Amino acid sequence: MKTTISVIKADVGSLAGHVLAHEALKKKCDDILSEAKDTGILEDYYITNCGDDIDLIMTHHRGEEDEEVHETAWNAFKEATNLAREMKLYGAGQDLLSDTFSGNIKGMGPGCAEMEFKERPSDPVIIFCCDKTEPGAFNLPLFRIFADPFNTAGLVIDPSLHNGYKFEIFDVIEHKKVIMSCPEEMYDLLALLGAIGRYVIKKIYRKDDDEIAASVSTERLNIMAGKYIGKDDPVAIVRSQSGFPAAGEVLEPFSLPHLVGGWMRGSHNGPLMPVPQKDATPVRFDGPPRVIGLGFQVANCKLIGPIDLFDDPSFDRSRVLASEIAEYMRRHGPFEPHRLPSDEMEYTTLPEILKKLKGRFEDIE
Ligand code: 13P
Ligand code: 13P
Ligand code: MG
Ligand code: MG
Ligand code: MG
């Protein structure tokens, strides 16, 4: 029997402002997921948060895009929203774009990463959850994990990785997808992946046998909503060891706090800071953007763990560097490239301002 991991996330309210999902909201989600476990929809689950986003990590035997699993997540977020409204938490129900569930949570606001596989004799899986950024934030680290031999020694020295991986890329603006193969198409692939607001990695497969290796939530909330609501703070599932990159190779790219879109009002570039769970509290200028990494062993559809992977002094230097980059970027105020480029702002605040100025624009002689 195959195992499915579904990670579904949403921001349904936080304190103070956009910093933290309240414990009571996670407890509410726990009530709903525990019921779903009792009735056999779920085999196991773990609930966490990164900043103001609640991440539901669920295992089951029902495959991807299962209506009952998605509805369970939806109900958890709905119940948590009701509580967030009672508590007058900030942005209650922020990421829920609809009032009623309609079969699949995709397109309704929450982000969703899923994968189905036959468990190996031992199956280490790493779940990454971000806050104050967007799905394209995973492009650079995932490329480095699965395609860069200077990051992943296994690509060179482990025969089970040596043939490389295939990348499924979504064009989130045109709603198209393409599969590209590495290392042969590496330069073409990078031409797309560098455009982090448009081309995002959805899935990665091992080339030898098409085995699933990674899955990312690619939903772009503001494009769906047609206006700025919040950032599409993404999650990713990555398998490791025995035919996949080692856990240490999976974590290594996050030692560079690379620049990602998000941060204050979802409209600024800033460094992605790898943090332990307890520090997933984006405070400075509502940031800088954060990523947590939780390591599980998946055993007979149960989640053993997690270990809080960035709770390690070897990432201290990355956090100091992220703070230095944050300081440098902040000094630019409303100027690009700290503020996002205008085409990204088109999905956020710019249309309203341009509407106001319409009629005042004149032709240049
Ligand atoms: P261990 O000898 O600690 O199992 O390490 C093996 C390995 O490949 C680490 O990347
Ligand atoms: P979130 O997407 O995390 O809610 O952030 C919204 C925001 O505007 C932060 O400044
Ligand atoms: Mg929020
Ligand atoms: Mg958030
Ligand atoms: Mg958000």
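The following questions and answers concern ligand 2 and the magnesium ions in this predicted model.

Reader: Which residues are the closest to ligand 2?

Author: The shell around ligand 2 holds 14 residues. By character these divide into three nonpolar, three polar and eight charged. The closest of the shell are Gln94, Lys132, Tyr228, Lys231 and Asp286.

Reader: Where does ligand 2 lie with respect to domain 1 and domain 2?

Author: Domain 1 covers residues 1-118, and domain 2 covers 119-355. Both domains give residues to the shell around ligand 2, so the ligand lies between them.

Reader: What percentage of ligand 2 does the protein bury?

Author: Polar atoms of the protein approach oxygen atoms of ligand 2: a side-chain atom of His18 lies 2.9 Å from one, and an N or O atom in the side chain of Asp52 is also placed at 2.9 Å from an oxygen atom of the ligand. A polar backbone atom of Lys231 is 2.7 Å from an oxygen atom of ligand 2. Taken alone, ligand 2 exposes 310 Å², and the share of this area buried by the protein is 97%.

Reader: Which residues coordinate the magnesium ion (ligand 3), and what spacing do the donors follow along the chain?

Author: The magnesium ion (ligand 3) has as donors Asp11 (OD), His18 (ND1) and Asp52 (OD), at 2.0 to 2.2 Å. Along the chain, the donors of this ion follow the spacing D-x6-H-x33-D.

Reader: Is Asp11 buried or exposed, and what is the class of His18?

Author: Buried means under 20% relative accessible area. Asp11 has 1% relative accessibility, so Asp11 counts as buried. His18 has 21%, and therefore counts as partly exposed.

Reader: Which residue bridges the magnesium ion (ligand 3) and the magnesium ion (ligand 4)?

Author: The two ions, ligand 3 and ligand 4, lie 4.5 Å apart. One of the donors to ligand 3 is an OD atom, and the residue that bridges both ions is Asp52.

Reader: What coordinates the magnesium ion (ligand 5), and how many Å separate this ion from the magnesium ion (ligand 3)?

Author: Lys231 (O) and Asp233 (OD) coordinate the magnesium ion (ligand 5) at 2.1 Å. Lys231 also provides the polar backbone atom 2.7 Å from an oxygen atom of ligand 2. The separation between ligand 5 and the magnesium ion (ligand 3) is 5.1 Å.

Reader: What are the relative accessible areas of Lys231 and Asp233?

Author: A residue counts as buried under 20% relative accessible area. Lys231 is buried, with a value of 5%, and Asp233 is buried, with a value of 3%.

Note on methods:
Residues numbered from 1 in each chain as written. Chains lettered and ligands numbered in written order. Predicted model: local features only at pLDDT ≥ 70, side-chain atom pairs only at ≥ 80, totals over all residues. Heavy atoms only, no water. Near = heavy atom within 4 Å. Polar contact = N/O pair within 3.5 Å; in protein donor to acceptor, adjacent residues only side chain to side chain. Areas by Shrake-Rupley, 256 points an atom, 1.4 Å probe, with all protein chains shown as cover. Nonpolar A, V, L, I, M, F, W, Y, C, P; charged D, E, K, R; others polar. Domains from an automatic or database assignment. Donors = N, O, S within 2.8 Å, 3.2 Å for Na, K, Ca; no water. Buried < 20%, exposed > 50% of the residue type's maximum accessible area, 1.4 Å probe, protein only.
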